[in-house]
Amino acid sequence: MTIAAPKVGFVSLGCPKALVDSERILTQLKVEGYAVAPNYDDADVVVVNTCGFIDSAVAESLDAIGEAMAENGKVIVTGCLGKRADIIREAHPGVLSISGPQDYVSVMDAVHSALPPAHDPFIDLIPDYGIKLTPKHYAYLKISEGCNHRCTFCIIPSMRGDLVSRPVDEVLREAEKLAAGGVKELLVVSQDTSAYGVDVRYAPRTWHEKIYETRMKSLCEGLSELGIWTRLHYVYPYPHVDDIIPLMADGKILPYLDIPFQHASPKVLKAMKRPGAIDKTLQRVHNWRKVCPDLTIRSTFIVGFPGETEADFQMLLDFIEDAQLDRVGAFTYSPVEGAAANAIEGHVPAEEQASRLARFMALQAEISEAKLAAKVGTRQSCIVDEIDGELAIARSKADAPEIDGLVQIQNGFEAGLKPGDFVDVDIMGSDEHDLYGEVPFDD
């Protein structure tokens, strides 16, 4: 007689690093014989992996917990908001368990308590790379936990702790398994990718009979051996990032850097406790582009930080005008419970924050539109994400999934494309965010 597998519902919120945590929990659930329920009604218990970075994320997490409680009633909470258990208990006293980020043991203990496993080792098989929540052709590769920085607007270290780097051979083996399982693009994530290995003094490890240091450059050299796209996220503009640019120029890894500059006023950066030598940073950006002209730089900025004057904001506008960043996201400052920035004087009124954000994004839209227009008439290497009628929706080397632009391939269906395919596209048009083109048939 076949025993029905116990079913666990799962809600995953937050950033790509939290998504990796969810994938690891889901993999362990599968290993132990649990099934993943597609909805609340079919689930015997529900796990909610929360975010708690900013107030809106806290509200979203509490709403998700409340929905799971209302629809199912048996809820296990984990993730960043789990570090603030009092808030969860006050809003939802009936949750079964609360744990913080990366606490996989506590999550599994809570699942075991609520729902004992019914594992059949003869039929419950898991691929070597585990359970993924992304499409088959790309995956996030988390290389460390925590952060050594103490930015005044951020409470991540209080939730995830100080930097803890994964051994480089362990990361490379995981990447190799993902590639063997069909992954064509790896997105390297952490809280501070350029600090990778500093906590273990860049300890050397062996992979495929070759020594690799636990540091960003050595990791990138190893990942380049897999023959797939590698994209770097959350990179601070430290001097040693210069060593990565030649790898990009040589096609070893994608010419793409996700650098959270956050601001350009030295005064505001000092208040944020961020690197403040903005002139050196700008020169470094220009030097990178000399070495690798195809380099794409994306960044995020905070507008209206406490104490930001019109002069400070103008410095920010001048910076993006000079740096000519390819992809930019921005948001207005909002207080986060427990963040040191709450005590800084000179909070900018909401109306002024909104006005500055609109001016910032209008300027960046002009820059983005011009940079994309310059690609019209070129041929771009792309990866296909989905087929939508006659179109193939793809991304170029300059575009990370979900946060950057798209390449709409007009004859994608006709060309027989499918998700995960690499394809060269002739670019025929553009707008502020996306490119439009066709697969050439004349070569």
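Reader: Which element gives the largest share of the lining of the second largest pocket?

Author: Keep in mind that this is a predicted model. The second largest pocket holds about 560 Å³ of space, and 29 residues line it, with Pro255, Asp294, Leu295, Gln380 and Lys397 closest to its centre. Strand 12 (229–232), helix 8 (245–249), helix 10 (278–291) and strand 16 (379–388) are the elements that give two or more residues to this lining. The largest share, 3 residues, comes from strand 16.

Reader: How many charged residues are in the lining of the second largest pocket?

Author: Sort that lining by class and you get 12 nonpolar and 9 polar residues. What's left is the charged group, and the count there is 8.

Reader: OK, now the largest pocket: which residues lie nearest its centre?

Author: This pocket has a volume of about 1200 Å³. Its lining divides into 29 nonpolar, 10 polar and 7 charged residues, and helix 1 supplies the largest share, 4 residues. Out of the 46 lining residues, the ones nearest the centre are Cys15, Pro16, Lys17, Phe53 and Tyr234.

Reader: And the largest nonpolar core: which helix provides the largest share of it?

Author: That core has 64 residues, and Leu186, Leu232, Leu257 and Phe319 touch the most other members. The largest share is 6 residues, and these come from helix 11 (residues 310–323).

Reader: How many residues are in the second, separate core?

Author: Among the members of this second core are Leu13, Ala37, Leu62 and Ile88. The core is separate from the one with Leu186, and its residue count is 19.

Methods
Residues numbered from 1 in each chain as written. Predicted model: local features only at pLDDT ≥ 70, side-chain atom pairs only at ≥ 80, totals over all residues. Heavy atoms only, no water. Core = buried A, V, L, I, M, F, W, Y, C linked by side-chain atoms within 4.5 Å. Buried < 20%, exposed > 50% of the residue type's maximum accessible area, 1.4 Å probe, protein only. 1 Å grid on protein atoms, 1.4 Å probe; cavity = no way out; pocket = protein on both sides within 12 Å on 5 of 7 lines; lining within 4 Å. Points joined across faces, edges and corners; volume = space filled by probe spheres on them. Nonpolar A, V, L, I, M, F, W, Y, C, P; charged D, E, K, R; others polar.
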